[in-house]
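Please walk through the model shown here with me, beginning inside its sheet and moving outward to the helices and the ligands.

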Amino acid sequence: MPSEWAFVSVDMEITNVCNVQCRICPRDAITRPGGMMSNETFRVISEKLIREGSLITFSGMGDPLSHPKVFEWIQHIRESGGDVGIVVNPASLNGNAPYALVDARPNSITLSFPSIRKIVFEKLCPQISFDQAIERARELINLCAGNVGIRITGIRTEMNPDENESYLLLWKKLGVPSSMVACHGRGGNLKAPGIYKQRDYGQKTGCCGLIRYHTFITWEGDVLACCHDLSGETIVGNLIESEICEIADRKRKLMRDGVSFKVCMQCDEPLRNVNPPVEGFPPANRNDRKTFFRRMRLKNSTMAK
Ligand code: SF4
Ligand code: SF4
């Protein structure tokens, strides 16, 4: 298991390309280069992360299912003794994708399903009908049963601030855990009138829980201080060139006085205020890690209600 808190959980953006156009995604504001992770970049950084014992999650400002190597790479991480999760959306779960995904055996799949209210869902995800999305969710849940862990995440917006209870209940009936989090502006990058209004968390970031317990790696192997950085201005280093301990050390120095990047000044990400105290060493095994992040998720889902 990891010796560095910042590398307990690593979000790996295997691509920042995405053909889906969710209303709650500020993809239009990305100014850093777009592309797909190469085999060589994946080989070098996954080797380091597997050795460290990080939980790798394929996610970021793109659709991991659009990467042609996604299933092969999941399989590779598992066969090499690593842990890997993936965040997917219903619009991309077409054709053979759900079967190939479950066959690759990630440790867990997170299905992003913003709302169970048809009108809200279709406003937020205009590229797929609610009925088709529910059908795909059910199919994925059935395929995962007994094979792969799955959980569902929703978003509370101005359109559905009171949805939490019915949301959790529906997925519970289908036998899967779920949670809802408050929509946030991804570092001031999201503009969505009628759906989301920026909350003022002030200028003081304290020591943000996102930067502290997660590391974000772009498709080029760059480590950014935060996944909400759409320009690349918060670069901490490159994991092809540097070792994990060097990057972790730079992150520690950054956090010493509280993070204060430009992107932080407009950030209303609830995790910025979810910051359980670090006591001793990072989680020593998978169960401890699960418990640690379950607590963070719980706290995160109750923030900004
Ligand atoms: S939220 Fe995900 S699936 Fe939706 S547009 Fe953004 S990157 Fe694509
Ligand atoms: S305060 Fe917000 S933008 Fe800054 S590192 Fe934390 S989550 Fe990212």
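Leucine 111 has isoleucine 152, a residue of strand S5, as its bridge partner. In this predicted model, strand S4, covering residues 108–112, runs parallel to S5 and is joined to it by five bridges. Strand S5, which spans residues 149–156, also pairs in the parallel sense with strand S6, residues 178–182, and this second pairing likewise extends over five bridges. Within that second pairing, isoleucine 155 stands opposite valine 181 of S6. Between S5 and S6 the chain passes through helix H6, residues 164–173, and the β-α-β crossover made in this way is right-handed.

These strands belong to a wider arrangement, an open sheet of nine strands whose order is S6-S5-S4-S3-S2-S1-S7-S8-S9 and whose pairing is mixed. At the edges of the sheet stand S6 and strand S9 (235–238), and each of them has a single partner strand, so one side of each is left without a neighbour in the sheet. From one strand to the next, the twist averages 25°.

Among the helices, a pair can be followed in some detail. Helix H2, made up of residues 70–79, packs with helix H3, residues 97–104, at an angle of about 15°, and the axes of the two lie 8 Å apart. Angles under 35 degrees count as roughly parallel, and H2 and H3 are therefore roughly parallel to each other. As for the sense of the crossing, H2 passes H3 in a right-handed manner.

The ligands can now be taken in turn. Around ligand 1 lie Cys18, Val20, Gln21, Cys22, Cys25, Arg27, Met61, Gly62, Asp63 and Asn89. Sorted by class, this shell around ligand 1 comprises five nonpolar, three polar and two charged residues.

Which residues are the closest to ligand 2? Of the 16 residues that surround ligand 2, the closest are Cys208, Leu210, Cys226, Cys264 and Cys267. The elements that contribute two or more residues to the shell around ligand 2 are helix H7 (209–213) and helix H9 (262–265). In terms of class, the shell around ligand 2 holds 11 nonpolar, three polar and two charged residues.

Notes. Residues are numbered from 1 along each chain as its sequence is written. Chains are lettered from A and ligands numbered from 1 in the order in which they are written. This is a predicted model: local features need pLDDT of at least 70, side-chain atom pairs count only at pLDDT 80 or more; totals for chains, interfaces and linings use all residues. A residue is near a molecule or strand if its C-beta atom, placed from the backbone, lies within 6 Å of it. Helices (H or I, at least four residues) and strands (E, at least two) are DSSP runs, numbered from the N terminus. Ala, Val, Leu, Ile, Met, Phe, Trp, Tyr, Cys and Pro count as nonpolar, Asp, Glu, Lys and Arg as charged, and the others, Gly among them, as polar. Two strands pair if DSSP finds at least two bridges between them. A crossover is right-handed if, with the strands pointing away from the viewer, the path from the first strand over the helix to the second runs clockwise. Axes are lines fitted to C-alpha atoms, for helices over the stretch in contact, and angles run from 0 to 180 degrees between N-to-C directions. Angles under 35 degrees count as roughly parallel, over 145 as roughly antiparallel, 65 to 115 as roughly perpendicular and the rest as oblique. A crossing is left-handed if the near helix is turned anticlockwise from the far one by less than a right angle, and right-handed if clockwise.
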